[in-house]
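Here is a short tour for a first look. Keep the sequence and the 3D view side by side as you read.

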Amino acid sequence: MLDYVLRIRDLIHGTILFTQKEMLLINHPFFQRLRQIKQNDVAFYVYPSMHISRFEHVLGVCRVAGMIAETLTKSPKWDEYKKALRAETGLSRSDEGIKKDFVQLCRFYALLHDTGHFPLSHLFEHAMDQWAGPDYSQKIVEWTGFEGFEKPHEAFGATLTRKLIKDIKIPKDIGECLLRLMGEKDLPRSNPLHVVKSVIDAEIDADRIDFVQRDGLAAGGEYGNYDVRRLCDSAFI
C-alpha cells in the first residue's frame, strides 16, 4: 500500500519496512536520542537482558500500527468512516489516497508517540513528580504550553512533534492531524481521529502489543508469547 525505501531487521517482527518520510524521521537527532533511553527503567537490575531502548520499541509499534491500520481499511464501516475522516481532516479525496494517508498517519503517530521520554523513562517522571509537588500539572503547561497531560513525556512529545513535522516536511494535512493526536490527551469518540488514537492508545493497542512481547522475550521468555499477526487481523472499526 505504501512505498518503502528502508528495511530494518527487528528481534520481534523480523524485517520492518519504512517509507521515505519515515526514514527521515528515524534519522532525525530528536528521534535518534531514543536509542539511549531505556524502555524499562532499571528493570535490568533484576532481568540482566532487559536493555530494550525506546528506539527499537517505537519501530516495532510502527510495524504493528501499520498492520492494524491496513486491517481497519477493510472494515465493514470503512466507507462510512473515511467520509467522516475526510470531513474532519481534509485528507486525500481519492479512495486509494485516503487509505494510504490513514495508514501513514497511524504509522507516524506510532513512531512519534514516545519521542518525549526522558532518561530512565517513567522512573525519571516519578522523580520529577516528587520534586514539583502539587503543581506538577501546571509546571508541565509552563514548560511545554500543552494542557491536559499528567505525564511530561507526552507534553514534551507534542512539543518535539511540532519541530519534527517542520524539519522533515510532513504533508500539511497529515502534520495537522499528528499535532492534534500528540497535543490532545483525549479525543471524543465522535471525532474520527479517535480511531487513530485508539490504534496506539487503548486497552489493546499497538504500543502494548509490541512491548508485552518484546519485554517478555527480554525477561527470559516467561510471558508475552502470542500471535501478533492474528491479533492485528482481528481489529475493526
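## A buried serine in a loop

Start with Ser121. Ser121 is buried, with a relative accessible area of 0%. This serine is found in the loop between α5 and α6. Its backbone also stands out. Phi of Ser121 is near 50 degrees, a positive value in a residue other than glycine. Most residues other than glycine have a negative phi. One caution applies throughout: this is a predicted model.

Leu120 lies in the loop between α5 and α6 as well. Phi of Leu120 is near 65 degrees, again positive in a residue that is not glycine. Is Leu120 buried or exposed? Neither term fits: Leu120 is partly exposed, with a relative accessible area of 34%.

## Aromatic pairs

How many aromatic pairs does the structure hold? There are nine. One of them joins Tyr81 and Phe102 in an edge-to-face arrangement. Their ring centres are 5.8 Å apart, and the planes meet at 75 degrees. Tyr81 lies in helix α4 (residues 78-89) and Phe102 in helix α5 (residues 95-112), so the pair ties together parts that are 21 residues apart in sequence. Both Tyr81 and Phe102 are buried.

Trp131 and Trp143 also pair, but here the rings are stacked. The distance is 6.2 Å centre to centre, with 15 degrees between the planes. Trp131 belongs to helix α6 (residues 122-132) and Trp143 to helix α7 (residues 136-144), so this pair ties together parts that are 12 residues apart in sequence. Trp131 is exposed, at a relative accessible area of 59%. Trp143 is partly exposed, at 37%. The two tryptophans also belong to one aromatic cluster with Phe118, Phe124 and Phe156.

## Charges over rings

Two basic side chains sit over aromatic faces. Arg35 lies over the face of Phe55, at 4.0 Å from the ring centre. Lys38 lies over the face of Phe44, and its distance from the ring centre is 4.9 Å.

## The first hairpin

Strands β1 and β2 form a hairpin, with three residues between them. They pair in the antiparallel sense over six bridges. Within this pairing, Arg7 stands opposite Leu17 in β2.

## One side of helix α1

Which residues of helix α1 (residues 20-27) are buried? They are Glu22, Met23, Leu25 and Ile26. These residues cover an arc of only 160 degrees around the axis, which puts them on the same side of α1.

Several elements help to cover them. Strands β1 (4-10) and β2 (14-19) are among these. So are the helices α2 (29-32), α3 (54-72), α5 and α8 (152-167).

## The largest nonpolar core

The largest nonpolar core has 60 residues. Which residues have the most contacts inside this core? They are Phe31, Phe102, Leu178 and Val196. Helix α3 gives the most to the core, with 11 residues.

Take Leu178 and set aside its neighbours within four places in sequence. Leu178 is then in contact with Leu105, Phe108, Tyr109 and Leu112, among others. Its contacts also include Thr161, Ile165 and Ile170.

## Two buried helix residues

Ala69 is found in helix α3. This alanine is buried, with a relative accessible area of 0%. Not counting residues up to four places away in sequence, Ala69 touches Phe102, Val103 and Cys106. What separates the C-alpha atoms of Ala69 and Val196, 127 residues apart along the chain? The distance is 8.2 Å.

Leu85 has its place in helix α4. At 0% relative accessibility, Leu85 counts as buried. Leaving out residues up to four places away in sequence, Leu85 touches Gly90, Leu91, Ile98, Phe102, Pro192 and Leu193. The C-alpha atoms of Leu85 and Phe124 are 39 residues apart along the chain, and 37 Å separates them.

How values were computed. Residues numbered from 1 in each chain as written. Predicted model: local features only at pLDDT ≥ 70, side-chain atom pairs only at ≥ 80, totals over all residues. Heavy atoms only, no water. Phe/Tyr/Trp six-rings, centres within 6.5 Å; stacked < 30°, edge-to-face > 60°. Helix = DSSP H or I, 4+ residues; strand = E, 2+ residues; numbered from the N terminus. Buried < 20%, exposed > 50% of the residue type's maximum accessible area, 1.4 Å probe, protein only. Lys NZ or Arg CZ within 6 Å of the ring centre and 35° of its normal. Arc of directions from axis to C-beta. Contact = heavy atoms within 4.5 Å. Core = buried A, V, L, I, M, F, W, Y, C linked by side-chain atoms within 4.5 Å. Pairing = 2+ DSSP bridges.
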